[in-house]
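Biologist: I would like to go through the ligand site in this model. Please give a reason with each label you use.

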Amino acid sequence: MSRSPEPPRRTEIYVGGAWRTPHGDGVLSVEDPFTQQPLPTVPAGDAADVDAAVAAARAAFEPWAALGPAERSAYLGRLHELLTERADALAALVSLELGTPLKISQRVQIGLPLAVLGTYVRLAAEQPPVVTAGNSTVFREPIGVVGAITPWNYPLHQVMAKVAAALAAGCTVVLKPSELTPHIAYALFDAVHAAGFPPGVVNLVPGTGPGVGEAIAGHPDVDMVSFTGSTAVGRRISHLAADRIAKVALELGGKSANVILPGADLAKAVKTGVANAYLNAGQTCTAWTRMLVHHDHHDEAVELAAAAAKSYAMGDPFDSATRLGPLASAAQRDRVRGFIETALAEGARRVTETGGLPETGYFVEPTVLAGVRPDATVAREEVFGPVLSVIPFADDDEAVAIANSTRYGLAGAVWCDDEDRALAVARRMRTGAVDVNGAAFNPVAPFGGYKQSGLGRELGSFGLEEFWETKAVQR
Ligand code: NAD
């Protein structure tokens, strides 16, 4: 598989339906995390650029909201066609900028957002539901101008989950993508431009969190902020939006538990669990980073997990033999290594091999930690790297208590040959999603977290509803 060609250097932002020179002259450096070589830069916008983009989105809002559902759906449909034609190049671009192995980029990094966009092409064409409550007729109306702020780990999917749903609901959007992966956002906006959306309906202002993200979150004319990223930044965005009582939707961190009950198909549960924990080099907010196994099966599960980890060959994301790419940045690699060191200092046992890293790239070897205490740092904090902690439990009650013992509540899994017992445990887990016995990911299921994993839901019709106000008219 050949490496992606470098994307062009970008010098403009997308505001009011055109590529425009930004207000300032700041630039964002971008890096290939495998070769560690610089990639072409993009502009770093500022608060004046956010003002211009929000003004364009505000001007575009009423006419966009007033369009018929079929017309809005047709714009999204054109975007879907254009992105589908470009899918291979987009996947290669994510592999270049983020380091995801190309096959996974094709299937997940690009395949998933295309599926999500397809959902919203369909949902946009439907009339919003109108319901009657007593003497009231209740209408759904778009909330207004949406500020979308996204991270780097699924850089097109996280943008699409917000932008496609907001546009389908009749909102207009100002997007700030992650500074680590801006080129895939530019590639999206090339398609947005070619699709011919009305000027101002969707705008792109790249930049730093403090420089552009805060300007969006605190902007008096942004009606809703939809954010995906860390819990710390989600908290900051909530504070900024609270000043004007603006709605926030937050998709934040996770520390998900994979609960393997007695009677489960242990080999399958462990193999699937390791694959889930290492997907995208572990940089997945839903990753099942804690494998909870009954005492009687702990040692066997640890052996199986260590054997599975060995098959995750590290290397060039464009080499078809690679199963584990580099982490997104040097800072991320150092953070993950720090968590492993802390885990060992707190009594965990590393059962996987170390050393033998590729010559370049921000790699962390696939790691399994055994005998991890539920209250250890590595079992409580989001690691965001290929690190799996195995934790023993005595009975279902203890498994549920451990699963629920973090501040997060995003996802999880339960395995058992008795599906009723698995379901009973799933229902007791304080988390937004649970997969029973390795069930497939569902791109129209509501996605989001309990507790400090977030507020609100994305994807499918639940994701659409977030961008609506409800109006009661009494007659
Ligand atoms: P991050 O929170 O540092 O950054 C996310 C985005 O917020 C980026 O665009 C960044 O520039 C911006 N930002 C940073 N500081 C800001 C500020 N003060 N004001 C406004 N915007 C600001 O997260 P990251 O490092 O890009 O991504 C990794 C984190 O995101 C992980 O913790 C992961 O769990 C989480 N995440 C959650 C989900 C989910 O759906 N729940 C999905 C992906 C990632």
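Biologist: How do the residues of the shell around the ligand divide into nonpolar, polar and charged?

Modeller: This is a predicted model. Its ligand shell holds twelve nonpolar, ten polar and six charged residues.

Biologist: What makes a residue part of that shell?

Modeller: One of its heavy atoms must lie within 4 Å of the ligand. Here 28 residues surround the ligand. The closest are Q158, E179, S230, L252 and E382.

Biologist: Why is the pair between K176 and the ligand called a polar contact?

Modeller: A polar side-chain atom of K176 lies 2.8 Å from a ligand oxygen atom. The cut-off for a pair of N or O atoms is 3.5 Å, so the pair counts.

Biologist: What about the backbone of G229 and L252?

Modeller: A polar backbone atom of G229 is 3.3 Å from an oxygen atom of the ligand. For L252, a backbone N or O atom lies 2.4 Å from a ligand nitrogen atom. Both values are within 3.5 Å, so both pairs count as polar contacts.

Biologist: How much of the ligand does the protein bury?

Modeller: The ligand exposes 840 Å² when taken alone, and the protein buries 88% of that.

Biologist: Which elements give two or more residues to the shell?

Modeller: They are α7 (209-217), β10 (224-228) and α8 (231-242).

Biologist: How do you know that the ligand lies between domain 1 and domain 2?

Modeller: Domain 1 (13-252 + 453-474) and domain 2 (257-442) both give residues to its shell, so the ligand lies between them.

Note on methods. Residues are numbered from 1 along each chain as its sequence is written. This is a predicted model: local features need pLDDT of at least 70, side-chain atom pairs count only at pLDDT 80 or more; totals for chains, interfaces and linings use all residues. Side-chain values use heavy atoms; hydrogens and water are left out. A polar contact is a pair of N or O atoms within 3.5 Å; within protein, one must be able to donate a hydrogen and the other to accept it, and residues adjacent in sequence count only if both atoms are side-chain atoms. Accessible areas come from the Shrake-Rupley method with a 1.4 Å probe; for residues, only the protein chains shown count as cover. Helices (H or I, at least four residues) and strands (E, at least two) are DSSP runs, numbered from the N terminus. Ala, Val, Leu, Ile, Met, Phe, Trp, Tyr, Cys and Pro count as nonpolar, Asp, Glu, Lys and Arg as charged, and the others, Gly among them, as polar. Domain bounds come from an automatic or database domain assignment.
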